[in-house]
Amino acid sequence: MKTKFTLKIIFIICILYNVANAQTYTSVANGSWLNPLIWSPTPPAPFFVPILGVNATAVIINTNVTVDTVFTYTTGTLTINKGKSLSEGTKPRGFLVNGGTFTNNGTFNFNSFGSQAGTATNHGVMNINFVFYNNINFLNDSNILGVDSFQNDKVITNTNKAHIVASKFLNNKTIVNNGVIDATDFLNADSLYNNGRLNFTNFTNSQKCINDSLIIFNDFINFGNFENNDEIQGNRDFLNWGFFNNKNYNSFVSIARNFLNVDSTLHKAVFNNDGYVHIAHDWLNIDTVKGTTGQFQIGDSTANLGYMKGSFDFCDSTPPPSSPYIDFNSGTIDPGITYCLNVKTADYSISKQIKIYPNPVNDFLRIENGGNELRLIEVYDLLGNIALQSNYKNIIDVSQLPDGIYLINIIDVKYNSVKSKLVVEH
């Protein structure tokens with residue numbers, strides 16, 4: 001009994017000594033974290049390896065180190081140097097920051113990453129295969145890649161050098177994006193501020209989103225408040241069930257298929273357009289569409305079952321012969337609404353400036369617009385399906401399109417537009 005008691009006392013003394021003399025440990029050789037030989041200085045007994053909050057105030061990864069256990073720390077500083085790595089071993093592992101400071105300047109490879117307390121900064125590459133969970137103020141200045149499920153419950157700032165790639169992305173608090181975020185399914189359940197580029201397959205906004213740059217998606221649903229000050233491009237359908245503000249003359253919305261503004265239950269769907277909205281196929285309003293200086297340009301069918309309010313311009317490319325120039329109207333239309341008042345067609349000067357060559361074409365199509373910048377180029381087949389879309393480019397690759405006749409729609413930065421026939425022959 002005395003021997004066991006003595007050993008316990010010795011063990012406690014060793015722990016207290018380690019805590020009292022905690023210091024910085026640096027990896028000096030590749031290998032497992034649990035190997036004492038890779039650390040300098042050599043950690044003393046009884047642990048022989050650095051443990052943040054116990055015998056280490058800071059750990060610097062200056063080699064390629066692997067971790068064969070679940071990693072959790074609550075205090076101290078962990079830094080991965082540039083060109084070096086901290087990775088899970090042969091089995092998938094989780095990594096949790098529950099206090100202290102985490103800084104990655106190199107490569108970080110773990111199955112899951114979580115943060116509950118402390119601070120975290122990424123200047124390198126984080127490869128996360130399964131779950132990324134954030135509940136702190138996280139600064140991402142580089143790449144977070146391969147995430148299956150990404151959840152943010154605090155604040156993530158994505159700098160202009162940063163890139164996040166995830167399959168499922170849930171934002172429950174605040175994201176400030178100045179870089180790029182790619183996601184298959186993105187749900188914004190709180191606040192999203194975009195000054196960079198967002199690429200989503202399915203984008204749902206249920207709270208607040210302010211876009212000051214570019215958002216590209218396939219399908220879009222807005223249940224909350226969305227303010228667009230720049231450009232959004234949809235490759236399929238657009239549904240507004242909340243308040244959408246296409247705020248000013250710089251605000252541009254392009255939808256490759258259909259537009260629907262509806263809230264059949266609470267009747268709170270409002271789409272305000274003081275910019276430019278281009279819909280390639282059908283337009284349907286069952287609530288309120290309003291604006292004073294904006295314009296809608298619609299490629300196919302139009303129907304108003306709600307309220308068209310204000311003095312915006314509405315242009316159905318295939319209109320009925322008499323006013324109102326909407327295919328079906330059973331709602332209310334203010335007398336200030338105009339029809340195709342500002343649309344530029346082949347009779348306007350833009351068409352005289354534009355040169356499309358070669359036509360027929362088999363590889364690269366070149367478009368000149370008298371020196372003016374082009375905002376959007378859309379190529380449609382004869383069934384009205386979008387075959388190709390390009391933005392801010394004067395040269396587009398059509399080599400993958402089948403032979404045939406197409407319709408090309410060209411829009412410049414002043415929202416002038418012109419349509420022309422395009423022949424592809426290989």
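User: Which loop does Ala-280 lie in?
Analyst: Ala-280 sits between strand S29 (276-279) and strand S30 (283-285); strands here are DSSP runs of E, at least two residues, numbered from the N terminus. This is a predicted model, where local features need pLDDT of at least 70, side-chain atom pairs count only at pLDDT 80 or more, and totals for chains, interfaces and linings use all residues. Residues are numbered from 1 along each chain as its sequence is written, and side-chain values use heavy atoms, with hydrogens and water left out.

User: OK, is Ala-280 buried or exposed?
Analyst: Ala-280 is buried, because its relative accessible area is 12% and buried means under 20% (1.4 Å probe, protein chains only).

User: What is Ala-280 in contact with, leaving aside neighbours within four places in sequence?
Analyst: Ile-255, Ala-256, Arg-257, Gly-299, Asp-300 and Tyr-380, with contact meaning heavy atoms within 4.5 Å.

User: And how far apart are the C-alpha atoms of Ala-280 and Phe-110?
Analyst: They are separated by 44 Å, with the two positions 170 residues apart along the chain.

User: Switching topic: how many aromatic pairs are there?
Analyst: The whole structure has 44, counting Phe, Tyr and Trp (six-membered ring) rings with centres within 6.5 Å; planes under 30 degrees apart are stacked, over 60 edge-to-face, and the rest tilted. Among them is the tilted pair of Phe-217 and Phe-220, at 5.3 Å centre to centre and 35 degrees between the planes.

User: Are Phe-217 and Phe-220 buried or exposed?
Analyst: Both Phe-217 and Phe-220 are buried.

Key: Buried means under 20% relative accessible area, exposed over 50%, partly exposed in between (1.4 Å probe, protein chains only). Helices (H or I, at least four residues) and strands (E, at least two) are DSSP runs, numbered from the N terminus.
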